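Me: I am new to this structure and would like a close look at one part of it, with the pieces around that part described in a connected way. Please take it slowly.

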Amino acid sequence: MTLTHQSCGALVLAGGRGSRLGGVEKALLLLNGETLLHHLEQELSPFPEKLLSTNDPALARGTSFLPVADRRKGCGPLEGIAAALSVAKSPALLVLPCDMPGYTAPLGEWLLSQGQPDWPAWVCSAADGLHPLCGIYTKAALPVLDRCLTEGILQVRRALSMMNAQVLDTAESPFPPEVFLNINTPEELEKASR
């Protein structure tokens with residue numbers, strides 16, 4: 001199965017508490033005059049199916065995202081990915097955190113082009129380490145994700161190793177490490193706006 005925009009949906013994870021940013025909703029952070037969520041929505045426009053992992057459906061209001069609530073509360077991004085895969089019409093989802101302002105459409109194209117038919121998931125690795133929330137997860141990953149959740153294993157990295165997911169080293173890709181920067185502090189937000 002070669003994935004295309006028609007056979008792969010997009011999922012933005014917006015369930016974090018933003019505690020290091022004073023409890024602010026990260027998806028609504030303003031960067032250069034637009035919210036992070038609006039930026040991602042524009043860059044994900046080639047994907048017809050767009051899901052938003054959030055327990056606050058109002059966050060998706062006025063966007064092209066369909067909100068998907070966690071089935072199990074307090075289980076972090078692993079549950080967000082599993083819940084979205086369980087309702088997705090597409091056989092796979094491009095997964096991104098809501099606080100990744102460096103994401104642009106070419107990265108999505110590159111991720112789609114890298115996959116092999118027997119891979120349950122593939123995620124990015126950059127100079128600063130593994131980025132388990134930037135990659136593609138197929139429905140074949142769902143049984144392992146659900147098993148992890150049932151057993152109380154909530155680390156996405158552990159789930160990836162249990163399903164034999166692939167790690168894409170982006171060092172040889174056109175994407176510099178700062179593309180994968182996440183915004184967790186006011187200082188990182190300021191840095192991203194520069």
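**Helix α2, its partner and the loop that follows**

Reply: In this predicted model, the place to begin is the contact between two helices, in which Leu78, Glu79, Ile81, Ala82, Leu85 and Ser86 of α2 meet Leu142, Leu145, Asp146, Cys148 and Leu149 of α4. Sorted by class, the residues in this contact of α2 with α4 are eight nonpolar, one polar and two charged.

As for how the two helices are placed, α2 covers residues 76-87 and α4 covers residues 142-150, and their axes come within 10 Å and cross at roughly 135°. Angles over 145 degrees would count as roughly antiparallel and those from 65 to 115 as roughly perpendicular, and α2 and α4 are therefore oblique to each other. The crossing of these two helices, α2 and α4, is left-handed.

Following the chain from α2 towards β6, which spans 92-97, one comes to the loop between them, and Ser90 is found in that loop. Is Ser90 buried or exposed? With a relative accessible area of 8%, Ser90 is below the 20% limit and so counts as buried. Leaving aside residues up to four places away in sequence, Ser90 touches Ser7, Cys8, Gly9, Glu49 and Lys139. Two of these neighbours can be described in closer detail: the side chain of Glu49 makes a polar contact with the side chain of Ser90, at 2.5 Å, while the backbone nitrogen of Gly9 lies 3.3 Å from a polar atom of the Ser90 side chain.

Two other loop residues can be set beside Ser90, and for both of them the backbone angle phi deserves a look. Asn32, which lies in the loop between β2 (30-31) and β3 (34-35), has a positive phi of about 50° although it is not a glycine. The relative accessible area of Asn32 is 62%, over the 50% limit, so Asn32 is exposed. Asn164, for its part, is found in the loop between α5 (156-162) and β9 (166-169), and its phi, near 60°, is again a positive value in a residue other than glycine. Asn164 has a relative accessible area of 57% and is likewise exposed.

Taken together, the loop after α2 holds a serine, Ser90, that is buried, whereas Asn32 is exposed in its own loop and Asn164 is exposed as well.

Terms used: Residues are numbered from 1 along each chain as its sequence is written. This is a predicted model: local features need pLDDT of at least 70, side-chain atom pairs count only at pLDDT 80 or more; totals for chains, interfaces and linings use all residues. Side-chain values use heavy atoms; hydrogens and water are left out. Axes are lines fitted to C-alpha atoms, for helices over the stretch in contact, and angles run from 0 to 180 degrees between N-to-C directions. Helices (H or I, at least four residues) and strands (E, at least two) are DSSP runs, numbered from the N terminus. Angles under 35 degrees count as roughly parallel, over 145 as roughly antiparallel, 65 to 115 as roughly perpendicular and the rest as oblique. A crossing is left-handed if the near helix is turned anticlockwise from the far one by less than a right angle, and right-handed if clockwise. Contact means heavy atoms within 4.5 Å. Ala, Val, Leu, Ile, Met, Phe, Trp, Tyr, Cys and Pro count as nonpolar, Asp, Glu, Lys and Arg as charged, and the others, Gly among them, as polar. Buried means under 20% relative accessible area, exposed over 50%, partly exposed in between (1.4 Å probe, protein chains only). A polar contact is a pair of N or O atoms within 3.5 Å; within protein, one must be able to donate a hydrogen and the other to accept it, and residues adjacent in sequence count only if both atoms are side-chain atoms.
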